[in-house]
Amino acid sequence: MAEYTFREVIAQAMSEEMRKDESIFLMGEEVAEYNGAYKASKGMLDEFGPKRVIDTPIAELGFTGIAVGAAMNGNRPIVEYMTFNFSLVGIDQIINNAAKIRQMSGGQWNCPIVFRGPTASAGQLGATHSQAFENWFANIPGLKVVVPSNPYDAKGLLKTAIQDNDPVIFMESEQMYGDKMEIPEEEYYLPLGKADIKRAGTDVTLVSFGKIMKLAIQAAEDMEKEGISVEVIDLRTVRPLDFDTILESVKKTNRLVILEEAWPFASISSEITYMVQQKAFDYLDAPIKRITTPDAPAPYSSALFAEWFPKLEKVKEEIKKAMYVK
């Protein structure tokens, strides 16, 4: 076991798969000469050359469309967006072509692409650079959506995503690229659609995903000191969503709190809430609680942003409310 950063394991995962399959290539803004905007493709140009690690113009609609065409013709592109905020420029190609071509062609074409890059907020980047679109992409049949919370998960999930024969949205965070973790030297893969219980508990289930998992883990550790045992579930993928793991946990704890860095309306937490009340209503001993960002764009002001972003104290407060503890 050796320790690697999140950005290093992203490069490892892509490189390991590219060594096996010459049809895999990486394209995006600054992925080659600059080693990636966040250095997540460091050294890949030197190893694979400019035909397989390709710097693109600032034209997401164009290079997203090129990737779809390449995938339909037997290649396996990896597309990096500098942030998923910029994927909106190419979202027509993702939703109307990549996600639908297998169904519209009656199975004659598939579209093996990984669209990857940072999601959600990363400090004072303004409203248009601080958006979480997991629920947008998860709403589309034909897309899989992966949101890892740590380097170990990121590497195993990305390798699986690259091998998938359908388009996968792989969402990272600028604030996680420097996170370090021990990574096995041997090759490993993690399945898409399988949540992970990061911390076992008996009193209340806390579900989250992505970088805000750190808040969930901290809240669970703090609650343990107050005599409340919190089971923490990391979704890892939000499409497909592992409802079974959530339901089994709720049947054990009888309480559910969901933490999500996203706007509340039509969010992932909304879908989880519906499914739990539909399939485990009789097991619930308290109303389901959720913590999201306010239903407003992210502010630029650091003071306002601190109020906008979900707080540790708010998570602990909602856990106590689910437990009827003041």
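I took two strands as paired if DSSP finds at least two bridges between them, and with that rule in hand I went through this predicted model.

**Entry 1: the sheet**

I looked up the strand order first, and found five strands forming an open sheet in the order 9-11-10-13-14, with mixed pairing. The edges of this sheet are strand 9, at residues 196–199, and strand 14, at residues 289–291, each of which pairs on one side only. I also checked the twist, and noted that neighbouring strands of the sheet are turned by 25 degrees against each other on average, with direction ignored.

**Entry 2: one pair of strands**

I then asked myself how many bridges join strand 10 to strand 11. I counted five between strand 10, which covers residues 204–208, and strand 11, which covers residues 230–234, and these two strands run parallel. Within this pair I picked out Leu206, which stands opposite Val232 in strand 11. As a reminder to myself, strands of a sheet pair through backbone hydrogen bonds, either parallel or antiparallel.

**Entry 3: helices on the sheet**

Next I looked for helices that lie across these strands. Helix 10, made of residues 268–279, lies across strand 10, strand 13 (256–259) and strand 14, and I noted that it runs at about 165 degrees to strand 13. Helix 12, made of residues 312–322, lies across strand 10, strand 11, strand 13 and strand 14, and its angle to strand 14 is about 175 degrees.

**Entry 4: the annotated domain**

I turned to the UniProt record, an unreviewed entry, which lists residues 4–179 under "domain: Transketolase-like pyrimidine-binding". In the model, the end C-alpha atoms of residues 4–179 lie 8 Å apart, and I recorded the span as 36% helix and 16% strand.

**Entry 5: the cavities**

Finally I searched for enclosed space, and the structure holds two cavities of 30 Å³ or more. Which residues lie closest to the centre of the largest cavity? Of the 14 residues lining the largest cavity, I listed Thr119, Glu134, Gly210, Lys211 and Glu261 as the closest to its centre. The space in this largest cavity is about 100 Å³, and its lining has seven nonpolar, three polar and four charged residues.

The second largest cavity has about 40 Å³ of space. I wrote down its lining as Ser130, Gln131, Ala132, Glu261, Ala262, Trp263, Thr293 and Trp308, which divide into four nonpolar, three polar and one charged. I marked Glu261 in my notes, since this residue appears in the lining of the largest cavity and also lines the second largest.

Key. Residues are numbered from 1 along each chain as its sequence is written. This is a predicted model: local features need pLDDT of at least 70, side-chain atom pairs count only at pLDDT 80 or more; totals for chains, interfaces and linings use all residues. Side-chain values use heavy atoms; hydrogens and water are left out. Helices (H or I, at least four residues) and strands (E, at least two) are DSSP runs, numbered from the N terminus. Axes are lines fitted to C-alpha atoms, for helices over the stretch in contact, and angles run from 0 to 180 degrees between N-to-C directions. Contact means heavy atoms within 4.5 Å. UniProt positions are given in the numbering used here, feature names are shortened, and annotations may be inferred rather than shown by experiment. On a 1 Å grid over the protein atoms alone, a cavity is a set of points where a 1.4 Å probe fits but cannot get out, and a pocket is an open set with protein on both sides within 12 Å along at least five of seven lines; lining residues have an atom within 4 Å of a point. Grid points are joined across faces, edges and corners, and a volume is the space filled by probe spheres set on the points. Ala, Val, Leu, Ile, Met, Phe, Trp, Tyr, Cys and Pro count as nonpolar, Asp, Glu, Lys and Arg as charged, and the others, Gly among them, as polar.
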